[in-house]
Amino acid sequence: MSKNSVAFRLYVAGESVNSRQAVANLEALCSECLPGRHTIEVLDVFQCPERAMEDGVFLTPTLVILSMDPPRRIVGTLSDRGVVTRMLGMDLASL
Amino acid sequence: MATSTGLAKSPTGITGLDTITHGGLPKGRTTLVEGKAGAGKTVLALQTLVNGARDYGEPGIFVAFEESTERICVNASSFGWDIPSLDEKDLFLLDAQPSADLVQSGGFDLGGMLAALDAKVTAMGAQRIAFDALDIVLGLLEDRNAVRREVYRLHDWLLSRGLTAIITHKAGWRGPESRTTRFDFMQFMVDCTLLLEHEIVKGISQRKLCVVKYRGSSFDANEAATVIGRNGLEVAAFGPESSAYPEASDERVSSGIERLDTMLGGGYHRGASILLTGAPGTAKTTLCGTFVEAACLRGESILFVSFDSPSGEVIRNLKSVGIDLRPFIEQGLLHMRSTRTTVGSADIHLLRVKSDAEACQARCVVIDPLSALSKAAMSYRTQSVVERLVEWSKAHGITLMSSSLLDGDHPDSEGTSMQISTLADTWIHLNYLVRGGERNRGLTIVKSRGTGHSNQVRELIISDEGLTLADVFSAGGEVFMGTLRADKERVDRLERQTAESESRRQKVKLDSEVLEFEARLANLQRELSLKKAEQSALASEEASESSERTAATEEIRTLRGADADTPTGTIGTNE
């Protein structure tokens, strides 16, 4: 993973509509804006509820940007791509 | 507790709440607790879970959306609930506060929380769950439909898990007509709704709770006063059934005034509630004092609550009439409490009286004056507080003495603002009778249940030796007291003396008249017997004369020889 690579972890709740949208939105964003500079870990809280409890993830979907210090969280379907890119400090217009 | 439908219930263990809900919250169903900020929703939810875990063997999970778990533990410890001492398997606190810098992009749901909780419920075998301030997280959802969707998701999960759930929710209650919040549908979803209210009346906090609905169960629909006290929430409800009362006692306890005991046929009944009414200064507190003294002399523990009058003053004032309470305090028999009415609502005061009395195991409780409570706030609430006070004292066999000022608007009526007279077993009224420039204290036993009692007004005499009762002087339909009584008694004595000497004089006169008549009678009798003697003498004289004349006639006839056998010699003697 390069120095500029972004690590994402996405908590989803099974196959719920919000969760499916979030996965799709994140993948689209990454392939467009961060090609080859990202990793995505998808965690299903139904499969590992203890992780959700430990990590304090109660609203799904929740995106955690692990590569930021401290890690930042975004709740929701990520339908507004600008929220993610602004948090990553990327100027959407320049991309 | 049995209900008409046999619906299973989970007791909350909150004093009074299980009474008005006829057994507790619906088991395996959801209860909505609504109220404004500070109404006591969190306390109710947490208390139900703590009691469930500790006393009913029902493990629980508390999901906090508004406060950190540390703060909840601190708040709980102020009510004496030691959450850290409970096993985490029995009570689990989940900090589910959305972070303050929560960034949102698009729609979301509560799936993560339910998944996490589902695992936890299974692991713990939890039976109770509380979602505190669900409105916080619902407020983050994008629209009305999302809120509805998530609430139904939550509700379905709760039902499928058979959890007894409490959802607290901030909401203003503006009357049934105007309630149109986006969370209204929750009302229809849940099986039970409790409404908590907190308001400030005349500067004093007043709390109340109302069961708005309870599907499939009867409940008390009336508003009930609540108090958040040292042990958490307490709901004012009528406690034990009458069958739970101890047997009515025939034992008498002294009033501390011998003659009053006599008037009452031996004293007050043990376990009775005694009401003293009267205007200020009619010696109500002094009568309380004699009762306290008598109780302490019997070696009983007694609680004396004085409102708006420091204990020191009460003790000093009673000492001036010969009642020294200090030794009893030192012996640990007398527990004096002094409080200002304005420090809390009538319900708060009742709670304190009860806990103080139970702490010192009081057999008697004196509240002077009880009417101070009506000053505290809304009078309709005070009425219920007084009823509960009387009921509580009866259930514990405590002899309760309370004094009451008369209603200022009707100083002449023997009624009280709190209508407590109907609740009193013995009612003693003290009043001033003003006549001839003097005020004197009159004492009347208005009623005394289950005992014969004197119907007479007595004069209450207070000296530095203590109290006693004097017979009042009544004459010509009027009652006299004080100096007038003394005057009247003196006048009466003089009159009586005059009357006595007059009758003595009359007697002497009559005696002499009788004697005179008797003398005259004797004279007349003597004369009568003389006359009678004369009469009989005359009669015998007449008789001898006539017989002599007969004899002479015979002789003449013989002498004349008129008859053959008549000797002639007889006639000759007649010549």
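In these legends, Ala, Val, Leu, Ile, Met, Phe, Trp, Tyr, Cys and Pro count as nonpolar, Asp, Glu, Lys and Arg as charged, and the others, Gly among them, as polar. Every view comes from a predicted model.

**Figure 1. The largest pocket and its lining in chain B.** Welcome to the largest pocket, which holds about 700 Å³ of space. Its lining counts 31 residues, and those closest to the centre are T15(B), E234(B), L351(B), K354(B) and E358(B). Two or more lining residues come from each of α2 (41-55), β11 (224-229), β12 (232-235), α12 (346-359) and α14 (379-395) of chain B. If you follow one element here, try α12(B): with six residues, α12(B) gives the most to the lining. By residue class, the lining of this pocket divides into eleven nonpolar, twelve polar and eight charged residues.

**Figure 2. Where chain B meets chain A.** Here 24 residues from chain B come into contact with 25 residues from chain A. Together the two chains bury about 1800 Å², and 65% of that area is on carbon and sulfur atoms. Keep an eye on V103(B), S105(B) and D109(B), which supply 32% of the area that chain B buries against chain A, more than any other three residues. The rule finds zero salt bridges across this interface, while 13 residue pairs are in polar contact between chain B and chain A, counting pairs with both residues at pLDDT 80 or more.

**Figure 3. The chain B side of the interface.** At least two residues of the side that touches chain A come from each of β5 (91-95), β6 (103-104) and α4 (111-124) of chain B. The largest share, eight residues, belongs to α4(B). Sorted by class, this side of chain B has 14 nonpolar, six polar and four charged residues.

**Figure 4. Two cis peptide bonds in chain A.** Look first at the bond from T60(A) to P61(A), which is cis with omega near -5°. P61(A) sits in the loop between α2 (49-55) and β3 (62-65) of chain A. Another cis peptide bond joins D69(A) and P70(A), with omega about -5°. P70(A) is found in the loop between β3 and β4 (72-75) of chain A.

**Figure 5. Positive phi at H22(B) and Q361(B).** Although H22(B) is not a glycine, its phi is positive, at about 55°. H22(B) is in the loop between α1 (17-20) and β2 (25-26) of chain B. Q361(B), also not a glycine, has a positive phi of about 50°. You will find Q361(B) in the loop between α12 and β18 (364-368) of chain B.

How values were computed:
Residues numbered from 1 in each chain as written. Chains lettered and ligands numbered in written order. Predicted model: local features only at pLDDT ≥ 70, side-chain atom pairs only at ≥ 80, totals over all residues. Heavy atoms only, no water. 1 Å grid on protein atoms, 1.4 Å probe; cavity = no way out; pocket = protein on both sides within 12 Å on 5 of 7 lines; lining within 4 Å. Points joined across faces, edges and corners; volume = space filled by probe spheres on them. Helix = DSSP H or I, 4+ residues; strand = E, 2+ residues; numbered from the N terminus. Contact = heavy atoms within 4.5 Å. Buried area = accessible area lost by both parts, 1.4 Å probe. Salt bridge = Lys/Arg side-chain N within 4 Å of Asp/Glu carboxyl O. Polar contact = N/O pair within 3.5 Å; in protein donor to acceptor, adjacent residues only side chain to side chain.
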